[in-house]
Amino acid sequence: MPLSPTDAIVGPAARAGVGVGAFNVVQLEHAEAIVSGAEAADRPVILQISENTVRYHGGLEPIGLATLAVARAARVPVAVHLDHARSADLVHEAVRLGCCSVMFDASAFPYKENLRATREIAEYCHARDVWVEAELGEVGGKDGAHAPGVRTDPAEARDFVAATGVDALAVAVGSSHAMTTRDAVLDFALIAALRDAVAVPLVLHGSSGVADAELVRAVAAGMTKVNVSTHLNQRFSPSRLTGSVTSSHSTSMTRYCG
């Protein structure tokens, strides 16, 4: 099955009120395992490569081309997405390599600077038929750049989407990146208000910290794209087999897991 545009996966899900799993790839084995699971479930999936993972590999091309190859060989629709990019140059490289979409994260900047930078990225990507996700209202736990407790304002979200032209919006509603326990408390009323305020799909970052039942509630309230990284890396780590971290390589994977 050919590589699928991200909008061909997320758009129908949003219209149907169902969720789409977006899972971070740190190594080739992650991509292979995620696609194998998607094929077993007969569901589309999004493979994500974060800017942190790019640094881990020393560049986007090795892991990017490998992930794209896995996606092209899949028996279900698979999109490849650049996650949490703060560098415009990295976005441009992802587009050149053939990634289906990018998430540009300027949320650490003041609102006006976030808006300006995101609009420029959206214009660049849309001219090349690439789908764009942005973030408004900082999601906690990402390399110290985001302040926990911040929430996305629905009116600001509506104006931001209209001004930037992005295709999806990551919002802060109570989850946090890199959580190793699944006890995040989501604001479901805020999710519903955001869903009513914006006309593009909403994205839940930090979903590893959210219990399964709460993820179902979040999708019912209006979330579409559900990002997962830390929870997979915990399952994938040798520490689950030995009861302790057995290698510095495993520790490095956890460090870079979005």
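Select Val 20 and Lys 225 to begin: Lys 225, in E8, is the bridge partner of Val 20. Helices and strands here are DSSP runs, at least four residues (H or I) for a helix and at least two (E) for a strand, numbered from the N terminus. Two strands pair if DSSP finds at least two bridges between them. This is a predicted model, in which local features need pLDDT of at least 70 and side-chain atom pairs count only at pLDDT 80 or more, while totals for chains, interfaces and linings use all residues. Residues are numbered from 1 along each chain as its sequence is written, and side-chain values use heavy atoms, with hydrogens and water left out.

**Stop 1: strand E1**

Select residues 20–24, which form strand E1. Show the side chains. In a regular strand they alternate between the two faces of the sheet. Here Val 20, Ala 22 and Asn 24 point to one face and are buried. Gly 21 and Phe 23 point to the other face and are not buried. Buried means under 20% relative accessible area, exposed means over 50%, and partly exposed lies in between (1.4 Å probe, protein chains only).

Now look to both sides of E1. Four bridges join E1 to E8, and the two run parallel. Three bridges join E1 to strand E2 (residues 45–50), also parallel. On that side, find Ala 22: Ile 46 in E2 stands opposite.

**Stop 2: the whole barrel**

Colour by strand. Eight strands close into a barrel, in the order E1-E2-E3-E4-E5-E6-E7-E8, with parallel pairing. Neighbouring strands of this sheet are turned by 25° against each other on average, direction ignored. Axes are lines fitted to C-alpha atoms, for helices over the stretch in contact, and angles run from 0 to 180 degrees between N-to-C directions.

Go to strand E7 (residues 202–204) and strand E8 (residues 223–228). Three bridges join them, and they run parallel. Val 203 stands opposite Lys 225 in E8. Lys 225 is also the residue from the start of the tour, the partner of Val 20.

**Stop 3: helices on the sheet**

Select H5, residues 88–97. H5 packs on the sheet and touches strand E3 (78–85) and strand E4 (101–104). The direction of H5 makes about 170° with that of E3. A contact means heavy atoms within 4.5 Å.

Next, take helix H7 (residues 154–164). H7 lies across strand E5 (131–136) and strand E6 (168–171), running at about 150° to E5.

**Stop 4: rings and charges**

How many aromatic pairs are there? The count comes to one. Rings of Phe, Tyr and Trp (its six-membered ring) pair if their centres lie within 6.5 Å; planes under 30 degrees apart count as stacked, over 60 as edge-to-face and the rest as tilted. Select Tyr 111 and Phe 160. Their ring centres are 6.1 Å apart and their planes are at 55°, so the pair is tilted. Tyr 111 is in helix H6 (residues 111–126) and Phe 160 is in helix H7, 49 residues apart. Tyr 111 is partly exposed, at 28% relative accessibility. Phe 160 is buried, with a relative accessible area of 0%.

Then find two arginines. Arg 128 lies over the face of Tyr 124, 3.8 Å from the ring centre. The charged end of Arg 217 sits over the ring of Phe 188, 3.8 Å from its centre. The rule asks for NZ of Lys or CZ of Arg within 6 Å of the ring centre and within 35 degrees of the ring normal.

**Stop 5: two positive phi values**

Select His 84, in strand E3. Its phi is near 55°, positive in a residue other than glycine. Is His 84 buried or exposed? His 84 is buried, with a relative accessible area of 2%.

Asp 129 is in the loop between H6 and E5. Its phi is near 60°, again a positive value in a residue other than glycine. Asp 129 counts as exposed, at 74% relative accessibility.

**Stop 6: colour by confidence**

pLDDT is the predictor's confidence in each residue, from 0 to 100. The chain mean is 83, and 76% of residues reach 70 or more. Confidence is highest in H5, at a mean of 98, and lowest in helix H12 (residues 248–255), at 33. Select residues 240–258: the pLDDT is below 50, and this stretch has 32 contacts beyond near neighbours in sequence.
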